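Reading a protein model gets easier when you take one feature at a time. Shall we look at this one together?

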Amino acid sequence: MDFALTVDQQRWRDIARTFAETIIKPDVLRRDRLPTATERIPWDWIREADRQGIRTLGIQKQFGGAECDILTMCLVGEELAVGDLGFAVIMDQCWKMAHLFSEAMNAEQQQRFIPKFVADPEATAAIGITEAGAGSDHQGFYDSPDIDFKTTAVRDGDHYVLNGTKRYVSNGAMAKLYFVVARTDTSKPLRDGGSIFIVPSDTPGFRPGFFHEKSSQRLATNGTFHFENCRVPASNMLQGEGLLGRLRSDYMWGSKAEAAATALGVGRAAYEYALDYAKKRVQGGKPIVELQAVAMMLATMAMKLDAARLQIWKAAWLADRKQPEARALGLLAKVNASETAFECCRLAGEILGGASIMHDHPVEKYLRDASSFLHSDGTNQVCLLRASQAIANNAHGSVFGF
């Protein structure tokens, strides 16, 4: 086994680390406390991320992107999340959709949509799946025709007419380009009757609703938006009807690993802050880092973070090679990383004591942010159930090849 990063991976990691240190951290706490979601959208950071190539990290080189592998995006996502989880999520949504750009779009769709997306320094992407009646169950665990998934697409000549509402969508109501899941056949299970449409935000009948106000990932938006007789050309459908069933198995290999990496970043931020605090905080005549109780908490945090990172890297490595084990390991990595991050933030609070809830320190923000990923990108319970299905279907009771 060789855990060495390539020169290019180290370069992108360092770019992201510098971005977090010099651009995000100096102003993130002020921005986090702005009262409305609209005020908090970091358009200037998005433009700077575009200038540095971060926004288009996953776009093919032929269209002006970096075409980085999944492991590189995990490295960059962790570094950005050390600065702010919400901003890392904004970028990661662009990277996830870049997988659809490169693997699910046909050549004509690529020429129509990718150059425009690359040319706009404020363009972000989103995938519209979640609805009022369909949350993590849409990720394939519950898939019967009676699933409460209301958005429909009805064929009308050379167009489809979309009607329905999406909510809680990352980058929702601020993105320029949407991949929207709608039911083209409500008599079939969602995986067979759910299709994906490319919908630019300026399409007539697409109506942004509102940003959800929330306690965590406050610099990222989760939006509600509507389709009201929204006419989308049939040529905007990705690979024909019923693609949803193949979405995660064929095109989103590294999605969970990337999400796990951003969750891990906020746990690492809490660890690094607590370690620095413990070195400077003096009680009983010595820095509290020398107290056994504090030292053990710090060692526990370091142990769990390193273990979670290695699991993410393995999932990403497998995903880059399109190995089937990547799917289940990515799910488990997401669960492990989010729970590790939450525990590290909790332990950071223990180390800071009463100071941890004060706005003088970022620890209360870290804990708020970490809590979101216990339920983001699929609840941890559903992720475990999906992974358990893969384990049960393997003759050896393992999904890892040993």
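What follows is a short dialogue between a learner and a teacher about this predicted model.

Q: Where do I begin: how many helices and strands does the protein have?
A: Start with the model itself, which is predicted. Counting elements is a good next step, and here there are 14 helices and nine strands.

Q: What can the radius of gyration tell me about the overall form?
A: You set it beside the value expected for a compact globule of that length. For 402 residues that expectation is near 21 Å, and the protein has 21 Å, so the two agree. You can also picture a box around the C-alpha atoms: along the principal axes it is roughly 80 × 50 × 40 Å.

Q: What share of the contacts joins residues far apart in the sequence?
A: Take the contacts with a separation of 6 or more: residues 24 or more positions apart account for 75% of them.

Q: And what share of the residues is buried?
A: Buried residues make up 56% of the 402. On the outside, the accessible surface comes to about 16,400 Å², and 54% of it belongs to carbon and sulfur atoms.

Q: Why would I look for groups of nonpolar residues inside?
A: In soluble globular proteins, nonpolar side chains tend to be buried together. In this model the largest nonpolar core has 110 residues, and L80, F87, F179 and I351 have the most contacts inside it. The element that gives the most to this core is helix α10, residues 255-280, with 13 residues.

Q: Which residues does F179 touch?
A: Setting aside residues up to four places away in sequence, its partners include M97, L100, F101, M105, I196 and L238. A126 and F197 are also among the residues that F179 touches. There is a second, separate core of 18 residues as well, and A126, F197, V199 and C230 are among its members.

Q: Is L264 buried or exposed?
A: Compare its relative accessibility with the cut-off: under 20% means buried. L264 has 0%, so it counts as buried. This residue is found in helix α10.

Q: What does L264 contact beyond its neighbours in sequence?
A: Leaving out those within four places, L264 is in contact with E78, L305, A308, R309 and I312. L264 and E79 show how a fold brings distant positions into one region: they are 185 residues apart in sequence, and their C-alpha atoms are 9.3 Å apart in space.

Q: Where does Q323 lie?
A: Q323 is in the loop between α11 (292-320) and α12 (325-352). Its relative accessibility is 32%, so Q323 counts as partly exposed. Beyond four places in sequence, Q323 is in contact with W253 and L318. Q323 and W253 are 70 residues apart in sequence and 8.8 Å apart in space, C-alpha to C-alpha.

Q: Why would a positive phi catch my eye?
A: Most residues other than glycine have a negative phi. Here Q217 has a phi near 45 degrees, and D377 has one near 60 degrees.

Q: Where do Q217 and D377 lie?
A: Q217 is in the loop between β6 (206-211) and β7 (222-233), while D377 is in the loop between α13 (363-372) and α14 (380-392). Q217 is buried, with a relative accessible area of 5%, whereas D377 is partly exposed, at 21%.

Q: How far apart are the mean positions of the positive and negative charges?
A: Average the positions of each kind, then compare the two points. With 46 positive and 48 negative charges, the mean positions are 1 Å apart.

Technical notes:
Residues are numbered from 1 along each chain as its sequence is written. Side-chain values use heavy atoms; hydrogens and water are left out. A nonpolar core is a set of buried Ala, Val, Leu, Ile, Met, Phe, Trp, Tyr and Cys residues joined through side-chain atoms within 4.5 Å. Buried means under 20% relative accessible area, exposed over 50%, partly exposed in between (1.4 Å probe, protein chains only). Helices (H or I, at least four residues) and strands (E, at least two) are DSSP runs, numbered from the N terminus. Contact means heavy atoms within 4.5 Å. The radius of gyration is taken over C-alpha atoms; the globule rule is 2.2 Å times the number of residues to the power 0.38. Accessible areas come from the Shrake-Rupley method with a 1.4 Å probe; for residues, only the protein chains shown count as cover. Lys and Arg count as positive and Asp and Glu as negative; His and the chain ends are not counted. The place of a charge is taken as NZ of Lys, CZ of Arg, CG of Asp or CD of Glu.
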